[in-house]
Amino acid sequence: MNEPTAQNTGTPESTRTASTDSAAHATAIEPPATTAGATRRDSAGFCPQCALRELQAALTPERIRAQALSMQARDGITTPPDEYERRLSVCARCERLQGSVLCAECGSYVAYRARLSAATCPYPGGSRWA
């Protein structure tokens with residue numbers, strides 16, 4: 001004789017035991033395979049690609065620059081305002097600048113890199129800030 005299970009007794013899914021439903025549950029939470037342009041969500045509906053896009057949209061050049069300028073000025077640590085502006089203008093004319101914010105040579109946000117006194121321009125063949 002067959003033992004009654006949650007599936008054939010009409011027992012609500014929320015009252016099933018872990019041992020009864022473990023194989024089905026493991027399959028149910030597996031994210032779908034992705035294809036080009038598709039996103040992958042976890043069991044809570046979180047999509048890392050969507051979250052990254054939201055963060056990137058919030059990181060505008062103006063906001064990044066404002067954050068860099070909000071760093072407390074300290075001798076030997078941060079650049080003076082005129083040097084900071086000079087460095088940024090050099091970066092703005094550089095062909096290695098991506099999206100008005102990133103250095104393609106090192107991957108850093110130029111607004112932060114230019115703010116640090118010890119930082120140098122990573123341009124191949126020598127710093128353009130020199």
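A nonpolar core is a set of buried Ala, Val, Leu, Ile, Met, Phe, Trp, Tyr and Cys residues joined through side-chain atoms within 4.5 Å. The exercises below use a predicted model.

**Exercise 1.** Find the size of the largest nonpolar core and the elements that give two or more residues to it.

*Solution.* Start with the count: the largest core has 14 residues. Those with the most contacts inside it are Tyr84, Leu88, Val110, Ala111, Ala114 and Trp129. Next, assign elements: H4, H5 and helix H6 (110–115) each give two or more residues to this core. The largest share, four residues, comes from H5.

**Exercise 2.** Check the span of H5, then locate its buried residues around the axis.

*Solution.* At 1.5 Å a residue, the twelve residues of H5 should span 16 Å. The end C-alpha atoms of H5 are 16 Å apart, so the two values agree. Now list the buried residues of H5: Tyr84, Arg87, Leu88, Val90 and Cys91. They cover an arc of only 155° around the axis, so they sit on the same side of H5. On the other side, Pro81, Asp82 and Ala92 are exposed. Finally, find the partners: the buried residues of H5 pack against H4, strand S1 (97–98) and H6.

**Exercise 3.** Decide whether Thr78 is buried or exposed, and find its polar partner.

*Solution.* Place Thr78 in the loop between helix H4 (61–69) and helix H5 (81–92). Its relative accessible area is 7%. Buried means under 20%, so Thr78 is buried. A polar atom of the Thr78 side chain lies 3.0 Å from the backbone nitrogen of Arg74. Beyond four places in sequence, Thr78 touches Met71, Gln72, Ala73, Arg115 and Ser117.

Key:
Residues are numbered from 1 along each chain as its sequence is written. This is a predicted model: local features need pLDDT of at least 70, side-chain atom pairs count only at pLDDT 80 or more; totals for chains, interfaces and linings use all residues. Side-chain values use heavy atoms; hydrogens and water are left out. Buried means under 20% relative accessible area, exposed over 50%, partly exposed in between (1.4 Å probe, protein chains only). A polar contact is a pair of N or O atoms within 3.5 Å; within protein, one must be able to donate a hydrogen and the other to accept it, and residues adjacent in sequence count only if both atoms are side-chain atoms. Contact means heavy atoms within 4.5 Å. The expected span of a helix is 1.5 Å times one less than its number of residues. The arc is that of the directions from the helix axis to the C-beta atoms.
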